[in-house]
Amino acid sequence: MGKLIKGNSYGTFSNSDFNGKRLQTDGCIVLICTAGCAVVTINFMRYKFRRGDVAIVLPDMFFTPLSVSKGFEVRYMVFSENTMEQAYFKMTSNVFWDFLYSYPIITPDEQNFRLITEWWEQMRWVCGLHDDTNREAILSNSIYNLFLAYDSVISIDDNAKELYTKDRAWVLFGKFTTLIVKHCRHNREVKFYAKKMCITPDYLYKITNKVMKLTPKELIDMQVASEIKTYLTETGLTIKDIADKLGFEDPSYMCRFFRRMTGMSTREFKQSVK
């Protein structure tokens, strides 16, 4: 029950078509909550997402609403992979990327929230342009300018800087979770992720234990179980095909792993979500 959003598009989610549907993109999704409140997870971390909040979802993030209030409404703007290419290339601020992965939901003040809703209206107009070249260029520049504005707020906001510098463990944890999302289908060794982050496995353990009270291996296994759930509910692949895609030695081993993680067999899980 996921929702992979591709291409340049916009729209509005209400509580009925948002609740429980995991969002993922190959580009970038900007979510603007205009009414109500939701509880969501982004790469294992739980957040409140309420009116006045803005979330930025990147390709290596999984955004999953867990519960949604009545009257909930969120506007979304999706930027395709091609549109995002130049923005990613030009945005070189390490502080920006570290902060974004650590704090993917922000609460701008009233004036800035009004500006970002006006920005959404402009992007909606741009998406309706008939000239493909101009539309792509304007959208690319617009998301880059949004990132620049976000970076400027971080740079001048003492509270934001203090929040960022207060605990680097959160930043490193954010990097670890994005690496898991990207690589867990093919690599489940803690040493692999520690090496990618240029830290020791012991230090990675201290980080995940401090932030989540879980070991790195437990978090990796949780994401793998989530991947299995996605394949079971969103594709017609056989158990053998899913095991092959996720690098399990054989289907029976994957099924035992899934039961250990969820307390259900793959068949029981599929029946539970019908």
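**Exercise 1. Two residues with positive phi**

Task: Decide whether K213 is buried or exposed, and state where K213 is placed.

Solution: Step 1. K213 has a relative accessible area of 64%, so K213 is exposed. Here buried means under 20% relative accessible area, exposed over 50%, and partly exposed in between, computed with a 1.4 Å probe on protein chains only. The model is predicted, so local features need pLDDT of at least 70 and side-chain atom pairs count only at pLDDT 80 or more, whereas totals for chains, interfaces and linings use all residues. Residues are numbered from 1 along each chain as its sequence is written, and side-chain values use heavy atoms, with hydrogens and water left out.

Step 2. K213 belongs to the loop between α9 and α10. Helices (H or I, at least four residues) and strands (E, at least two) are DSSP runs, numbered from the N terminus.

Step 3. The phi of K213 is positive, about 60 degrees, although K213 is not a glycine. C198, which is not a glycine either, has a positive phi of about 60 degrees. C198 lies in the loop between α8 (190-196) and α9 (201-212), and its relative accessible area of 71% makes C198 exposed.

**Exercise 2. The two sides of a helix**

Task: Establish which residues of helix α12 are buried and which on the other side are exposed.

Solution: Step 1. Helix α12 spans residues 251-262 and has 12 residues. From its first C-alpha to its last, α12 reaches 16 Å, close to the 16 Å expected at 1.5 Å a residue; the expected span is 1.5 Å times one less than the number of residues.

Step 2. M254, F257 and F258 are buried in α12. They lie on the same side of α12 because they cover an arc of only 100 degrees around the axis, the arc being that of the directions from the helix axis to the C-beta atoms. An α-helix has 3.6 residues a turn, so residues three or four places apart point the same way.

Step 3. R256 and R260 are exposed on the other side of α12.

Step 4. The cover over the buried residues of α12 includes α10 (216-234), α11 (239-245) and α13 (266-272).

Step 5. After α12 comes G263, with a positive phi near 80 degrees.

**Exercise 3. A sheet and the helix packed on it**

Task: Give the strand order of the open sheet of five strands, and name the helix that packs on the sheet.

Solution: Step 1. The order is β2-β9-β4-β7-β10, with antiparallel pairing. Two strands pair if DSSP finds at least two bridges between them.

Step 2. β2 (9-14) and β10 (105-106) are the edge strands, since each pairs on one side only.

Step 3. Six bridges link β2 with strand β9 (residues 73-79) in the antiparallel sense. G11 has Y76 in β9 as its bridge partner.

Step 4. Helix α4 (residues 110-127) packs on the sheet and touches β2, β4 (28-35), β7 (54-57) and β9. The direction of α4 makes about 55 degrees with that of β9; axes are lines fitted to C-alpha atoms, for helices over the stretch in contact, and angles run from 0 to 180 degrees between N-to-C directions.

Step 5. T117 is a residue of α4, and it counts as buried because its relative accessibility is 15%. With neighbours within four places in sequence left aside, T117 is in contact with I32 and R75, where contact means heavy atoms within 4.5 Å. The side chain of T117 also reaches the backbone oxygen of R114 at 2.6 Å.

**Exercise 4. An enclosed strand**

Task: Find how many residues of strand β5 are buried, and identify the strands joined to β5 by bridges.

Solution: Step 1. Five of the six residues of β5 (residues 37-42) are buried, so β5 is largely enclosed by the rest of the structure.

Step 2. β5 is joined to strand β6 (residues 45-50) by six bridges, and the two run antiparallel. I42 stands opposite M45 in β6.

Step 3. β5 and β6 form a hairpin with two residues between them. N43, in the turn, has a positive phi of about 50 degrees.

Step 4. β5 is also joined to strand β8 (residues 63-68), by five bridges and in the antiparallel sense. V40 has P65 in β8 as its bridge partner.

Definitions and conventions: A polar contact is a pair of N or O atoms within 3.5 Å; within protein, one must be able to donate a hydrogen and the other to accept it, and residues adjacent in sequence count only if both atoms are side-chain atoms.
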